[in-house]
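Here are a few exercises to work through with the viewer open. Try each task yourself before reading the solution.

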Amino acid sequence: MLLGIITLSNPNNVPLPLLILPFLLVFFIVYQIFSSILYRWFPNISRQFRGWLAIVSAILPVLLLILQSIGQLSVRDLLITLGLLGGLTFYFKKTDLLS
């Protein structure tokens, strides 16, 4: 379904929700994959922190895909995205919101 939406749609002729749908599907699929990997490899960390890591791990490829689709992806953007997600992870870990 995702591949069909991406290849058969013209961004100029489809409504906005249909343009956002592939990115949401990619996020959900990557989130589920990372969530299962973290559950199997790291069963001793808290469920909340495992969920946060899965969200951060799923957001990164989606953000990079969005930047690539609008022609704005560069090394600088990759470093900014990694720094932003790393900083958020550090902040939430230090504030005990993910204990």
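A quick definition first: a crossing is left-handed if the near helix is turned anticlockwise from the far one by less than a right angle, and right-handed if clockwise. Keep in mind that this is a predicted model.

**Exercise 1. The overall layout**

Task: Work out how many helices and strands the chain has, and what percentage of its residues count as buried.

Solution:
- Start with the elements: there are four helices and zero strands. Read from the N terminus, that gives α-α-α-α.
- Next, burial: 19% of the 99 residues in the chain count as buried.
- Finally, look at contacts between residues at least 6 apart in sequence: 52% of them join residues at least 24 apart.

**Exercise 2. How α2 meets α3**

Task: Describe the packing of α2 and α3 by angle and axis distance, then give the handedness of the crossing.

Solution:
- Two numbers do the job here, because a packed helix pair is described by the angle between the axes and the distance between them.
- For α2 (residues 16-41) and α3, the angle is about 145 degrees and the axes lie 8 Å apart.
- Now apply the definition above: α2 passes α3 in a right-handed crossing. Sorted by class, the contact of α2 with α3 has 17 nonpolar, four polar and one charged residues.
- Check the helix lengths too. α2 has 26 residues and reaches 38 Å from first to last C-alpha, close to the 38 Å expected at 1.5 Å a residue. The 23 residues of α3 should span 33 Å at that rise, and its end C-alpha atoms are indeed 33 Å apart.
- Then list what is buried. On α2 that's Pro22, Val26, Val30 and Leu38. On α3, the buried residues include Phe49, Trp52, Val56 and Leu64, and the buried residues of α3 pack against α2 and α4.

**Exercise 3. Zooming in on Phe34**

Task: Is phenylalanine 34 buried, partly exposed or exposed, and which residues is it in contact with beyond four places in sequence?

Solution:
- Phenylalanine 34 sits in helix α2.
- Its relative accessible area is 30%, so it is partly exposed; the buried class needs under 20%.
- Setting aside neighbours within four places in sequence, phenylalanine 34 is in contact with Ala54, Ser57 and Ala58.
- For a backbone view, compare glycine 51: it is 17 residues away along the chain, with its C-alpha 9.0 Å from that of phenylalanine 34.

**Exercise 4. The two faces of α4**

Task: Find which residues of α4 are buried and which exposed residues are on the face turned away from them.

Solution:
- First, the helix: α4 (residues 75-94) has 20 residues and reaches 28 Å from its first C-alpha to its last, close to the 28 Å expected at 1.5 Å a residue.
- Its buried residues are Asp77, Thr81, Leu85 and Thr89. They cover an arc of only 100 degrees around the axis, so they lie on the same side of α4.
- The face turned away carries exposed Val75, Arg76, Leu79, Ile80, Phe90 and Lys94.
- What covers the buried side? α3 (47-69) is part of the cover.
- Take threonine 81 as a test case. It counts as buried because its relative accessibility is 7%. Beyond four places in sequence, threonine 81 is in contact with Leu60, Leu63, Leu64 and Leu67.
- One last stop is glycine 71, which follows α3 and has a positive phi, near 75 degrees.

Note on methods: Residues numbered from 1 in each chain as written. Predicted model: local features only at pLDDT ≥ 70, side-chain atom pairs only at ≥ 80, totals over all residues. Heavy atoms only, no water. Expected span 1.5 Å × (residues − 1). Buried < 20%, exposed > 50% of the residue type's maximum accessible area, 1.4 Å probe, protein only. Arc of directions from axis to C-beta. Contact = heavy atoms within 4.5 Å. Axes fitted to C-alpha atoms, helices over the stretch in contact; angles between N-to-C directions. Nonpolar A, V, L, I, M, F, W, Y, C, P; charged D, E, K, R; others polar.
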